[in-house]
Every structure is written in C-alpha cells, then in structure tokens.
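The exercises below are meant to be worked through with the sequence and the structure side by side. Each task is followed by a solution that goes step by step.

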Amino acid sequence: MPLSSSFPHSPSPKISSFRAEMTVNVLTINAVDLQQLLEEKKTTSAHIVEKYLAQIHRYEPALNALISPAPRDQVLEIAKARDDERQKGQIRGPLHGIPIILKDSFVTASELGMSTTAGSYAFVGAKASKNGVITQRLIDAGMIILGKANMTEFAGMKMTMMMPGWSAHGGQTLSPYVGKIEDDEKILGHSWAPGGSSTGSAVAVAAGFSPLAMATETVGSIVTPSTRAGLYALKPTPGIQDTTGLYTMTEFFDSPGPMAKSAADVRVLSEILLDRLFTSPQLGSWEGLLVGFLDPKIWSLSPDLCPQFEGTAEQMIEEYKETVSALRNGGCALKYPVQCSDPSVLPNTILSIAYWDFRNTCIPRFIRCFDECAVTSVAAIVEFNRKNSEKALPAPFVEQNDLEGAMVATEEKEQIYKLKQDLRSAARAILDDLFDKGNINILVAPGDSSLCVHAAAAGYPVATVPIGKLRYNGRPFGLCLVAKADEEETLLRFMAVYEKVAKPRPVPNF
C-alpha cells in the first residue's frame with residue numbers, strides 16, 4: 001500500500017487515493033489536528049486509517065511493535081461507519097473517528113479479530129465475548145482500534161532481567177530510532193534498549209502506526225518507553241479508573257494511560273479515560289505552578305542497568321540544564337536543584353507486593369475476562385510454559401523465575417496489606433515534604449531515573465515530555481514529572497505550556 005509523497009525518504013512516487021484531499025504525515029501529525037481536518041471535511045476517517053495501515057504494512061516487519069493487528073477489511077468498515085455517523089451529525093466524542101493502538105493487556109472482544117495475551121503463549125487462543133471497560137469506553141467515544149501492541153510478557157512478571165518489549169508470543173519490539181538491540185545490551189541501556197513493558201505502544205506512536213496508544217505502568221512502564229520514543233504520556237493516579245478487562249501486574253501500583261505526540265492529545269484522551277474535562281483557565285500558562293527540578297547528576301540510572309556511552313551522560317545533563325533555563329526564561333517559577341532521598345530508603349517490599357497481587361488478584365481477574373482459556377491460575381501458566389518450552393521459553397529468555405516466585409510466595413493478605421500501607425506512607429512522606437513544605441506542585445527528574453519508583457510507591461500520577469535525542473545514536477530522552485494524587489490537571493498544565501517553549505519532539509529517520 002503506497003504512502004503519500006510527503007513521507008520522508010519514500011522510494012515510491014505513487015500517491016494514495018486521497019492525495020487530492022489533505023496530506024497527512026503520519027510521523028508528525030497529532031490526533032487533535034486530525035480531528036480538525038475531519039471537522040473541516042478535508043479528510044475522512046477511512047482515509048486516515050488507510051494512511052496508518054500503509055505505514056504499518058511498510059515498517060511493522062522491521063519494528064515488531066504490534067502483536068495483533070486489526071483485520072484490514074474490518075477496521076476500514078469501522079472507519080467508514082464513523083464517517084457515516086459524522087455525516088449525520090452523530091459525533092460520539094472529541095476523538096470521533098481517530099485511530100488508536102492498545103497495549104496487549106487491554107481485553108478486546110474476539111469478534112474484533114484481535115487477541116489479548118499479555119504477551120504469553122498461555123493465552124493464545126483465549127476467547128472473550130466482551131471488551132474490557134476501557135476498551136469499550138474508547139469505542140463508545142468513536143475511536144478506531146488499529147491493533148494490539150506488543151509488550152514485555154506479563155509486564156515483566158515472568159523472568160528477572162528479561163529485555164523490555166520482549167514477549168514469547170510477540171518477540172522483540174525495536175526502537176524506530178536505533179533499531180537492532182546489541183547482544184550484550186543492558187535492559188535499560190542507552191544504546192538500543194527501547195524501554196519498559198509498554199514499548200510496543202510507544203514505538204507504534206513514534207513510528208507513525210497510530211496517533212495515539214494506550215499503555216499501562218507498574219513502575220516505569222509508561223515513563224521509560226515514552227521518553228525513549230520522544231512522546232508525551234501520562235500515568236494517572238492508580239485506582240481512579242475501572243480496570244475490569246485489563247491485565248495488570250498489581251492493583252496497588254498499576255494504572256493505564258495515554259501516549260501521544262502532543263500534550264493536547266494526552267489531555268483530550270485523558271478526558272475520555274477519566275470522564276472529566278480539564279478546563280482550568282490557567283491551562284496555557286505557568287500561573288500558580290512552582291516546579292522543582294532534581295539534580296540530573298544524582299538522578300540517573302545505575303550503570304548496571306544503563307551504562308553510558310560516548311558522552312551520553314554529559315549530553316543529557318547539559319540539555320536538562322538548558323531545559324531548566326528555557327523554562328525559567330519562559331516564565332516558569334522553579335527551584336533547581338531540589339533535594340530528595342532516592343528510592344533506596346523505601347521499604348524493600350515492591351516485589352513481595354507484586355507477587356501477591358499478581359497471583360491472588362490480577363491473574364485470576366484477567367482469566368475471568370475470557371469465556372475460553374487454556375489456563376486457570378499462575379501455577380497453570382508455569383506448567384503450560386514448561387510443557388511448551390520451545391515456544392513459551394525460547395532462548396535467551398528460558399526462565400520463568402518471577403512466575404515461579406509469585407506461585408510459591410507465602411505472605412498472607414494481612415501481611416501484604418501492611419506492606420502496602422507502610423510503603424505508601426514512606427513514599428508519600430518523602431514526596432509530600434517537597435510538595436507541602438516546599439510548596440512545589442510538580443517534581444521533575446530525567447526520564448532515565450528512578451523518580452517513577454517514588455511515584456509508584458506513593459500512588460501518585462506521572463507524566464513525560466520529550467527533551468531531545470542523543471548525538472550518540474539518535475535515541476530520544478526526556479523528563480519524568482510527578483504530582484500529588486488526583487493532580488492530573490497539574491501535570492497536563494505543565495505539559496501544555498512546556499510544549500510551547502520546548503524543541504520539537506524527535507522524529508525517526510527511516
């Protein structure tokens with residue numbers, strides 16, 4: 001399927017059937033702009049979907065971002081139905097007729113032609129008669145699901161040190177910026193590693209497969225892949241969305257959220273997800289915000305997880321400081337640097353909590369989403385993988401030690417409840433000291449840092465914005481932002497004004 005001549009480096013002079021309307025560059029256009037074109041009758045949802053399907057057809061074999069693309073004929077039929085509704089004035093929502101890709105943790109009814117596996121072979125062939133709550137919310141809002149994104153299998157709850165973006169069912173997702181992962185790469189390495197468990201969602205947006213994607217985060221699974229794909233993204237406060245029909249690793253840390261190419265897109269999709277309007281009169285200004293920036297020399301990833309190469313650390317520190325200066329010159333009230341204890345002071349209980357939630361709450365709830373399913377418990381998944389090891393445990397990721405750890409964990413519900421309360425109290429005490437005593441509204445650190453650990457432990461929302469890309473290999477990097485619980489609007493305000501003064505987000509050069 002040919003792309004329009006506006007696509008960079010396109011080898012074909014051919015143009016699509018709707019070239020006479022409005023040229024759409026899938027690598028740069030955002031959902032809000034697409035919606036405006038639809039409203040002005042300069043394009044149609046069917047034409048937009050054709051553009052994204054062309055991009056998927058061309059580059060998905062190299063990137064492996066999608067674990068289950070929507071059937072072409074079916075998704076075009078849906079797009080035409082949204083166009084028919086628009087013609088009749090039946091607009092379902094602010095993103096009516098706009099495409100989106102969902103992480104493979106979002107349950108889709110089998111009739112839509114896409115599987116839901118959380119990356120696991122144990123769920124291949126599972127049948128669901130109903131969409132998950134969030135999936136249905138997006139459909140009811142008029143959005144068009146183009147496919148399911150690959151993800152780290154079970155969001156990482158399978159094998160310690162498994163490469164992010166890899167699943168037995170979906171293989172390895174690659175960055176559209178840097179490509180192949182080196183054999184000796186660390187799991188969060190600067191050179192090629194694409195990020196956390198929502199890697200497929202981030203790559204799909206950055207590569208122009210869709211203007212929007214849905215992701216989930218336990219600890220860093222939205223933050224890391226979105227910053228490494230030059231995206232704006234949001235993890236809302238855990239617990240404020242109905243996650244029925246969604247695979248989560250834990251109920252304590254996890255939250256689903258949007259990834260996009262612009263702050264406006266994140267805001268509009270968040271309004272749909274959270275069923276609230278973000279209409280603060282200060283949405284486009286710094287008024288009333290005080291932002292605290294952590295020291296990038298201190299807040300960086302361990303070399304064991306992310307070794308530095310050829311000036312990467314120096315460049316990220318330099319551009320972080322330049323960003324601070326640009327924001328200050330642009331009218332942002334800020335403190336830099338602010339001091340904050342690192343997550344090593346928190347109780348070492350994250351894994352115990354994750355094991356318990358996964359085994360006792362999240363996997364049973366995920367299995368109940370299906371009318372037909374080959375497994376009934378964590379123990380059944382472990383046994384399935386052993387019996388089907390050639391597919392389920394292929395080299396180099398031949399272990400399932402985290403699944404086995406969850407299976408044999410011995411803590412009781414009351415113990416886990418206390419661990420959760422103690423961890424949350426400790427994390428909030430650290431962050432609230434800055435938010436309340438320092439009168440800070442938002443705390444900022446490099447995207448490649450452990451600030452998302454504090455946020456997850458505290459149950460606070462997190463957002464990301466892009467800064468630039470490494471001279472070393474073109475890989476994007478950005479900022480991680482944290483606010484207090486239910487302060488999504490505060491983060492969205494920052495993102496909206498930041499976008500006005502920041503450099504344009506990096507675009508992959510295919």
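**Exercise 1.** How many residues does the largest nonpolar core have, and which of them have the most contacts inside it?

*Solution.* The model is a predicted one, and its largest nonpolar core has 113 residues, with Leu138, Phe209 and Leu481 having the most contacts inside it. Turning to the elements that supply this core, helix α2 (residues 45-63) gives the most, namely eight residues. Apart from this core lies another, of 27 residues, which includes Phe123, Tyr355, Val382 and Ala406.

**Exercise 2.** Describe the order and the edges of the open sheet formed by 11 strands.

*Solution.* Begin with the order, which reads β1-β3-β2-β6-β8-β7-β12-β13-β11-β9-β10, with mixed pairing. The edge strands, each pairing on one side only, are β1 (66-69) and β10 (333-338). Within the sheet, neighbouring strands are turned by 25° against each other on average when direction is ignored. As a single example of pairing, strand β2 (residues 99-103) runs parallel to strand β6 (residues 212-217) over two bridges, and isoleucine 101 stands opposite alanine 213 in β6.

**Exercise 3.** Which strands does helix α15 (residues 488-501) touch as it packs on the sheet?

*Solution.* Helix α15 touches β7, β9, β11, β12 and β13, and its direction makes about 20° with that of β12.

**Exercise 4.** Over which residues does pLDDT stay under 50?

*Solution.* The chain averages a pLDDT of 92, and 94% of the residues score at least 70, whereas pLDDT stays under 50 over residues 1-21. Where pLDDT is low, the predicted coordinates should not be read in detail.

How values were computed: Residues are numbered from 1 along each chain as its sequence is written. This is a predicted model: local features need pLDDT of at least 70, side-chain atom pairs count only at pLDDT 80 or more; totals for chains, interfaces and linings use all residues. Side-chain values use heavy atoms; hydrogens and water are left out. A nonpolar core is a set of buried Ala, Val, Leu, Ile, Met, Phe, Trp, Tyr and Cys residues joined through side-chain atoms within 4.5 Å. Buried means under 20% relative accessible area, exposed over 50%, partly exposed in between (1.4 Å probe, protein chains only). Helices (H or I, at least four residues) and strands (E, at least two) are DSSP runs, numbered from the N terminus. pLDDT is the predictor's confidence in each residue, from 0 to 100. Contact means heavy atoms within 4.5 Å. Two strands pair if DSSP finds at least two bridges between them. Axes are lines fitted to C-alpha atoms, for helices over the stretch in contact, and angles run from 0 to 180 degrees between N-to-C directions.
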